[in-house]
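Ready for some practice in reading a protein model? Work through each exercise yourself before you look at the solution.

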Amino acid sequence: MQPASHPTVILGGGFAGLFTALHLSQQNYFQPIILIEQRDRFSFKPLLYELLSGELHSEQVYPHYQELLTGSRVNFVQDTVQSIDLHQRSVNTASGQSFYYSNLVLALGSKTTYFNTPGAAEHAMPFTSGEQAIALRKHLRHRLHQAIQTTNPERRRLLLTVAIIGAGPAGVELACTLADLLPIWYDELGGDGSEIHIVLVNRSREILKGDVNSSLRCTVQRAMKNRVIPVDFLFDAAVTKITSDGVEYRQNEKTQMLQAGTIAWTAGTAPNPLLMELPVTQNRGRLLVKPTLQLPDFPEVFAAGDCAIDNDNPQPPTAQVAYQQGIAIAQNLKRLRENKPTIPLQIQMRGTLMKLGLNEGVANLFNKLQIKGQPGHLIRQGAYLQLLPNSAHNFKVTSEWLTDELFQRHRAATPMQLGQTPWLSGVATAAAALILATPLVWRAAQPMQFQQNLIWTGVPALLDQLAPPSR
Ligand SMILES: Cc1cc2nc3c(=O)[nH]c(=O)nc-3n(C[C@H](O)[C@H](O)[C@H](O)COP(=O)(O)OP(=O)(O)OC[C@H]3O[C@@H](n4cnc5c(N)ncnc54)[C@H](O)[C@@H]3O)c2cc1C
């Protein structure tokens, strides 16, 4: 056994890892904390569409770890983990460093898989990180510039077609965002926005198949039809090859080709290969954990987020779950230090949130109530902005967002372009933003005062349910 003087090491700075680190640092946990992460910035994945569209700034949803961790007790190491030895209690990184730990948190998420589709890794663009969102934005802008310069109608059609592979939540949200955004960008260049084609390609007939958002299918289908450019579907289409200018697929036993200048890939995730090598039980590559999130044979090791699963109480791979697990691991690590027993985690599923275009979303509260359109969009963004790590950052971002919503700063589309009455749209946005965001901002700025003054109304408890405070 390693002496207790070794640090607590957290692998992966996504939702599970970063929030474990931040919550540990905020409580009286005197053990050194090391967070090892391969990237220099945190990707707030549910808001990557806003990063792509420019609705939110990169500092808001793609902040540097150094900034987020300033003032915390977390020692950030930017490096790639190469191997983990659970028996020796050590971790090796690509730069040749070794870290010994007394406790370890495995939060390495999952990775994109192309299911061995020829050409996909070379020509399709994944969409899982801030880096990839920015790369997709640059690529799309470039395609629009090329399209405006060409006089060849066939070539222009190819340049203006975007194929999105996979009709899960990311594919659907990306399709809705681009179907509003690209016509506006193209109009600004002097092009005709109605020439844009967004095609959602899916192996089956069903969208959101097996996903936590599947109850929103009808709302989502309606929203896809009502974008600035309606989203086209290519269903029952098995993608067989991706080339530099299109997607080859099999449909009705025929091989066909969809010409497209941009191919975005949201079709699948696979387990992190590093974790598959560990001598522990797994369920389809996800590490099996106890309800306390500890590995059964290695109680000093916790695992959470997309890379772990409790078979008795399986949870979907979502940010909402990973965030709550991060808080629970921090509490259990502290209890271990105090020689107290660890406690099982109870996940509170508070419903789901989806982006369905610019300024449009749906909040499915507790799976009972659907709030759609602009109010749905405001609830979605307000709730996610509250989850942003570090309360100073959180307050800054929330107030910037509020200003943007009220004064229509950074608004990529006009209400007319989105088919709304400007007057109604402005009033509704202002009213909804005020009603929804005031308590969020007040709670972030003065949590004690907020609690004392409003406890009788039940609002603090409701907000805690919908959007837990980050401290
Ligand atoms: C486009 C998109 C939209 C989404 N929208 C939503 C949503 O609206 N609501 C929702 O609840 N969920 C959403 N999700 C899912 C959610 O983001 C994930 O479930 C969540 O991020 C999982 O957290 P995690 O900590 O397990 O993994 P991640 O957030 O993926 O973090 C894993 C971290 O480990 C790092 N890492 C991996 N390998 C190594 C290595 N070898 N060395 C060092 N570091 C490494 C990665 O760089 C990464 O930072 C979305 C996901 C995507 C891709």
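**Exercise 1. Find where N116 sits, then decide whether N116 is buried or exposed.**

Step 1: look along the chain. N116 is in the loop that runs between β8 (110-112) and α5 (120-123). Helices here are DSSP runs of H or I with at least four residues, strands are runs of E with at least two, and both are numbered from the N terminus.

Before going on, a word on the model: it is predicted, so local features need pLDDT of at least 70 and side-chain atom pairs count only at pLDDT 80 or more, while totals for chains, interfaces and linings use all residues. Residues are numbered from 1 along each chain as its sequence is written, and side-chain values use heavy atoms, with hydrogens and water left out.

Step 2: check the accessibility. N116 counts as exposed because its relative accessibility is 79%. The cut-offs are under 20% relative accessible area for buried, over 50% for exposed, and partly exposed in between, using a 1.4 Å probe and protein chains only.

Step 3: check the backbone. Phi of N116 is near 60°, a positive value in a residue that isn't glycine. For comparison, most residues other than glycine have a negative phi.

**Exercise 2. Now do the same for L293: which loop holds it, and is L293 buried or exposed?**

Step 1: L293 is found in the loop between β19 (286-288) and β20 (294-295).

Step 2: with 4% relative accessibility, L293 counts as buried.

Step 3: its phi is near 75°, again a positive value in a non-glycine residue.

**Exercise 3. Work out which residues S90 is in contact with.**

Step 1: place S90 first. S90 belongs to strand β5 (residues 90-93).

Step 2: S90 counts as buried, because its relative accessibility is 7%.

Step 3: leave aside the neighbours within four places in sequence. S90 is then in contact (heavy atoms within 4.5 Å) with S83, I84, D85, F99, Y100 and Y101.

**Exercise 4. Look at two helix residues, A133 and Q381, and find what each one meets.**

Step 1: A133 is in helix α6 (residues 130-149). A relative accessible area of 0% is why A133 is called buried.

Step 2: skip residues up to four places away in sequence, and A133 touches L48, L51, L52 and F127. The C-alpha atoms of A133 and S53 are separated by 9.1 Å, though these residues are 80 residues apart along the chain.

Step 3: Q381 is in helix α12 (residues 373-387), and at 2% relative accessibility Q381 counts as buried.

Step 4: the side chains of Q381 and E50 are joined by a polar contact of 3.0 Å. A polar contact is a pair of N or O atoms within 3.5 Å; within protein, one must be able to donate a hydrogen and the other to accept it, and residues adjacent in sequence count only if both atoms are side-chain atoms.

Step 5: Q381 and L56 are 325 residues apart in sequence, yet their C-alpha atoms are 10.0 Å apart in space.

**Exercise 5. Describe the largest nonpolar core: which residues touch the most other members?**

Step 1: know the term. A nonpolar core is a set of buried Ala, Val, Leu, Ile, Met, Phe, Trp, Tyr and Cys residues joined through side-chain atoms within 4.5 Å.

Step 2: the largest core has 117 residues, and L11, I84, L86, L104, L106, L178 and L295 touch the most other members. Helix α8 (residues 169-188) gives the most to this core, with 11 residues.

Step 3: apart from this core lies another one of 17 residues, including V199, L234, A260 and W265.

Step 4: zoom in on L86. Neighbours within four places aside, L86 is in contact with Y101, L104, L278, P279, V280, L295, F298, E300 and V301.

**Exercise 6. Take the ligand: how many residues surround it, and which are the closest?**

Step 1: the ligand has 30 residues around it, and E37, K45, V81, D306 and A319 are the closest (near means that a heavy atom of the residue lies within 4 Å).

Step 2: look at the oxygen atoms. One ligand oxygen is 2.7 Å from an N or O atom in the side chain of E37, and a ligand oxygen is 2.8 Å from a polar backbone atom of D306.
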